[in-house]
Amino acid sequence: MAEDGSKGGTAGTHDQTVALDLERLILDAPRRYTPYQAARAADVPMELATRFWRAMGFPDIGQSRALTDGDVIALRRLAGLVESGLLSESMAIQVARSTGQTTARLAGWQMDTFLENLTQSVEPGLTRAEVAYPLVELLLPELEQFLVYVWRRQLAAVTGRVVQAAEDTEITSGRLAVGFADLVGFTRLSRRLEEEELGELVETFENTCSDLIAGQGGRVIKTLGDEILYVSEDPVTAAEIALGLIEALAEDDTIPALRVGMAFGTVTSRMGDVFGTTVNLASRLTSIAPKDAVLIDGEFAIALEQNGSVAPADADGPGLADALSAAAGMPASGLPVPGPDSGRRFNLQPMWRRPVRGLGLVEPWLLSRRLRTE
C-alpha cells in the first residue's frame, strides 16, 4: 500500500521499474558508480567532476550509485581537453553548460511532443510509461543520427562566419542588426485561453517566425514564449525579416498583433546568446513600438540609407547620416547620398524623441515598406 493507505503502491513501483528500464535503454548502460567512484575511475578530481556535472544541469545525488560507464567516459574526455591544453578549465565548464542547457530544452521538447502526439490512442489499460519504452526504442537511433547531422551543419555555418572575421575581436564582438518581435497583449490573452490553446498559439508564433527568419538569412538567438530575438549581419535583411513577420502574422486571425524593435551596432556574442547596448536598445524599442509596426534606432536608419534602401532625409539636402550628425552636434559624415533610382525598399518616418531607461534620449524611426507606386 501507499503511505496514505491506498493501494497505489504496486502501480507506483511498476512505473519506477519502467522508468529505470527506459533510462538503461537510453543510456545503453546500467548504473554502476557513485559520483566519487566515477570521478576516481575517470582520474578526475572530485571537485572538478562536480563542477562538470552541475554545469551540465544535473543535481547533486550524494553517494547514490546512479552513474554509468558513459558518465566516466564523458568526464575523462572533458578533463582530457583541459590537460591537453585545447581548452582551459573555465572553457570546458562553458562547453558543459552550453551543451547541457541546449540539449535539456531539446530533450524536453521532443519527449513532450512525441508522447503527446503518439500516445493519444493508447490502448485501454496501458500507462504512458509502458507506451514510452517501445516508442523510445524506435525513435532513439533516428533522433541521435539527426541530432549529429544538424549539429555538424550548424557547426559548419558558425565556423564559416568565424574564419571570415577580419579580426579576432569580430568573433565575439561585431556589428549586427538585432531584432525583437513581441506579441502585443499576450499576458492578458494568456489568462483567457485554455492551456492547450495557449500552447498552440505559442507554437504557431515560434514556427512562423523561425521559418521566416531562417529563410531570409537571419539567425534566431532565442524564443521567450511571446517574444523572439534574432540577428543578421545585414541591416537590409533584418528589415525585410521584420516587415515580413508583421505581414505574415497579420494573415493569421488567431495570433495577436506583433510589434518589432531593431537596433544596429556592436554586439557581444557569448554561448549562443547576444549582449550589449544594441540588444538592450532593440528590446526597449520593441516595448514602445505601435502594434503591427517596426521601430528602428538612428544607427539602423543610417545603415539603410547608406545601402540605398531608403530615401535620404531631404532629397535636396544632406542625407540621413548628416542630418542625425548635425542634430547631435557632430561633423557631417561625407557619405554619398543615394540617387532617386537606387532601388529603395523602405520608407522611414521620424518619431518623437523620448528618454529610454538606461539609454538616454533616443529618436526612433518608423520603418515601412515602400510602395511600388512611390
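**Figure 1. Helices α9 and α10 come within 10 Å of each other, computed between their axes in silico, and cross at roughly 150 degrees.** This is a predicted model, and helix α9 spans residues 195–216. The crossing of α9 with α10 is right-handed. On the α9 side, the contact is formed by F205, T208, C209, L212, I213 and Q216, which meet T237, I241, G244, L245, A248 and L249 of α10. Sorted by class, the residues where α9 and α10 touch are eight nonpolar and four polar, with no charged ones. A helpful reminder when viewing such a face: an α-helix has 3.6 residues a turn, so residues three or four places apart point the same way.

**Figure 2. Helix α10 also meets helix α12, with axes that come within 9 Å and cross at roughly 110 degrees.** Here α10 covers residues 235–250 and α12 covers residues 298–307. The two helices, α10 and α12, are therefore roughly perpendicular to each other, and their crossing is left-handed. Look for P235, V236, A238 and A239 on α10, and for F300, A303, L304 and N307 on α12, which make the contact. Seven nonpolar residues and one polar residue make up this contact of α10 with α12, and charged residues are absent from it.

**Figure 3. Helix α12 is largely enclosed by the rest of the structure, because seven of its ten residues are buried.** The buried residues are G298, F300, A301, I302, A303, L304 and E305. Among them, F300, A303 and L304 also take part in the contact with α10. Just past the end of α12, G308 adopts a positive phi of about 90 degrees.

**Figure 4. T68 sits in the loop between α3 and α4.** The helices on either side of this loop are α3 (46–55) and α4 (69–83). With a relative accessibility of 2%, T68 counts as buried, because the cut-off is under 20%. A polar atom of the T68 side chain lies 3.1 Å from the backbone nitrogen of G70. Setting aside residues up to four places away in sequence, T68 touches L27, A29, P30, R31 and Y33.

**Figure 5. R76, in helix α4, makes a side-chain polar contact with E83.** The distance of this contact between the side chains of R76 and E83 is 2.6 Å. R76 is partly exposed, with a relative accessible area of 28%. Not counting residues up to four places away in sequence, R76 touches A42, D43, V44 and E83. For a sense of the surroundings, the C-alpha atoms of R76 and A49 are 9.4 Å apart, although the two residues are separated by 27 residues along the chain.

**Figure 6. D273, in strand β5, is joined to K222 through a polar contact of their side chains.** Strand β5 consists of residues 273–275, and the polar contact between D273 and K222 is 3.1 Å. At 17% relative accessibility, D273 counts as buried. Leaving out neighbours within four places in sequence, D273 is in contact with I221, K222, L229 and T268.

**Figure 7. The whole chain holds 13 helices and ten strands, the setting for the close-ups.** Of its 374 residues, 34% count as buried. Among contacts in the chain with a separation of 6 or more, 65% are between residues 24 or more positions apart.

Note on methods
Residues are numbered from 1 along each chain as its sequence is written. This is a predicted model: local features need pLDDT of at least 70, side-chain atom pairs count only at pLDDT 80 or more; totals for chains, interfaces and linings use all residues. Side-chain values use heavy atoms; hydrogens and water are left out. Axes are lines fitted to C-alpha atoms, for helices over the stretch in contact, and angles run from 0 to 180 degrees between N-to-C directions. Helices (H or I, at least four residues) and strands (E, at least two) are DSSP runs, numbered from the N terminus. Angles under 35 degrees count as roughly parallel, over 145 as roughly antiparallel, 65 to 115 as roughly perpendicular and the rest as oblique. A crossing is left-handed if the near helix is turned anticlockwise from the far one by less than a right angle, and right-handed if clockwise. Contact means heavy atoms within 4.5 Å. Ala, Val, Leu, Ile, Met, Phe, Trp, Tyr, Cys and Pro count as nonpolar, Asp, Glu, Lys and Arg as charged, and the others, Gly among them, as polar. Buried means under 20% relative accessible area, exposed over 50%, partly exposed in between (1.4 Å probe, protein chains only). A polar contact is a pair of N or O atoms within 3.5 Å; within protein, one must be able to donate a hydrogen and the other to accept it, and residues adjacent in sequence count only if both atoms are side-chain atoms.
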